[in-house]
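Student: I'd like a close look at one part rather than a tour of the whole thing. Could you pick a helix and walk me through what surrounds it and what follows it?

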Amino acid sequence: MKKILSIILASLLMLGSFNVFATDTAELEKYEIIKGDPDGNMRLDDNLTRAEAVTLLTRLYGFNPETSDAAPANNFPDMENHWACNAAMIAKGLRIVDKVDGEAFNPDENIPAEEFIKMVICLLGYQEVAEQHGGSPHGYLIKASQLGVTKGVSISTGRFVTRKDAVQMLSNSLDIPLMVMTSFSFSEANEYTIMDGKNGVEYRSLRTMLEAK
């Protein structure tokens with residue numbers, strides 16, 4: 001009897017997790033962040049490439065990299081005529097890609113977890129705080145955990161991110177208040193504000209940006 005109850009409980013937990021993940025997937029589809037292949041398959045168990053990563057993240061910030069004319073000129077030698085060239089250059093402009101001009105982007109290589117998480121944290125505006133926590137990779141992993149970016153995802157450095165991992169992390173990030181620079185100084189520390197809607201501060205998140213499009 002106990003064995004049967006254990007099986008039933010495990011099945012209910014799996015069903016609950018599946019339903020939550022299905023909701024996350026549908027939400028990102030609604031905002032046109034994730035799209036299937038030409039056959040409509042999401043290929044969620046496949047590893048995420050760098051090209052796919054910057055495409056997802058620029059869409060999450062409200063850009064349509066496939067048609068946007070906002071991308072600066074390409075300065076990555078291996079992105080010439082690549083389908084994700086626009087996305088890579090928009091991501092560089094948003095400072096979520098830290099590769100320098102003339103450096104290879106390696107768009108079709110699988111992206112390690114720590115690199116993808118750093119991109120997400122930079123997109124949310126918490127790069128300065130992550131650097132104060134020790135920088136890459138651990139400072140970014142710590143901040144991602146504190147913010148809830150990696151909730152429900154098994155993360156270890158050196159491990160590649162799957163498309164399913166990416167969906168979970170992007171869904172987790174939708175309602176995290178953005179951190180924005182509110183004062184710039186050459187001689188003193190820059191000032192930042194967390195847009196959490198408290199004490200007269202505007203609430204701003206990736207979701208509010210998407211819905212304002």
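Tutor: Let's start with what sits on top of α2: the elements covering its buried residues include α3, α4, α7 (163–173) and α8 (206–211). Contact here means heavy atoms within 4.5 Å, and helices are DSSP runs (H or I, at least four residues; strands are E, at least two), numbered from the N terminus. Bear in mind that this is a predicted model: local features need pLDDT of at least 70, side-chain atom pairs count only at pLDDT 80 or more, and totals for chains, interfaces and linings use all residues. Residues are numbered from 1 along each chain as its sequence is written, and side-chain values use heavy atoms, with hydrogens and water left out.

How covered is α2? Mostly, with 11 of its 11 residues buried; buried means under 20% relative accessible area, exposed over 50%, and partly exposed in between (1.4 Å probe, protein chains only). The buried set includes Arg 50, Glu 52 and Arg 59 along with Thr 55 and Thr 58, and also such residues as Ala 51 and Leu 56.

Now for one of those covering partners. Helix α2 (residues 50–60) packs against helix α4 (residues 113–124) at an angle of about 20°, the axes being 11 Å apart. The pair therefore counts as roughly parallel. For the geometry, axes are lines fitted to C-alpha atoms, for helices over the stretch in contact, and angles run from 0 to 180 degrees between N-to-C directions. Angles under 35 degrees count as roughly parallel, over 145 as roughly antiparallel, 65 to 115 as roughly perpendicular, and the rest as oblique. As for handedness, α2 passes α4 in a right-handed crossing, that is, the near helix is turned clockwise from the far one by less than a right angle, while anticlockwise would make it left-handed.

Who makes the contact? On the α2 side, Arg 50, Ala 53, Val 54, Leu 57 and Leu 60; on the α4 side, Glu 115, Phe 116, Met 119, Val 120 and Leu 123. Those residues split into 8 nonpolar, no polar and 2 charged. Ala, Val, Leu, Ile, Met, Phe, Trp, Tyr, Cys and Pro count as nonpolar, Asp, Glu, Lys and Arg as charged, and the others, Gly among them, as polar. It helps to remember that an α-helix has 3.6 residues a turn, so residues three or four places apart point the same way.

Next, what follows the helix. After α2 comes Gly 62, with a positive phi near 105°. Further on, Ala 71 sits in the loop between α2 and α3, and it counts as buried because its relative accessible area is 18%. Leaving aside neighbours within four places in sequence, Ala 71 touches Asn 86, Met 89 and Ile 90. Ala 71 is also 8.7 Å from Ala 91, C-alpha to C-alpha, with their positions 20 residues apart in sequence.

The loop between α2 and α3 (85–93) also holds Asn 81, a non-glycine residue with a positive phi of about 65°. Asn 81 counts as exposed because its relative accessibility is 75%. On the other side of α3, in the loop between α3 and α4, you'll find Arg 95, another non-glycine residue with a positive phi, near 65°. Arg 95 is exposed too, at 57% relative accessibility.
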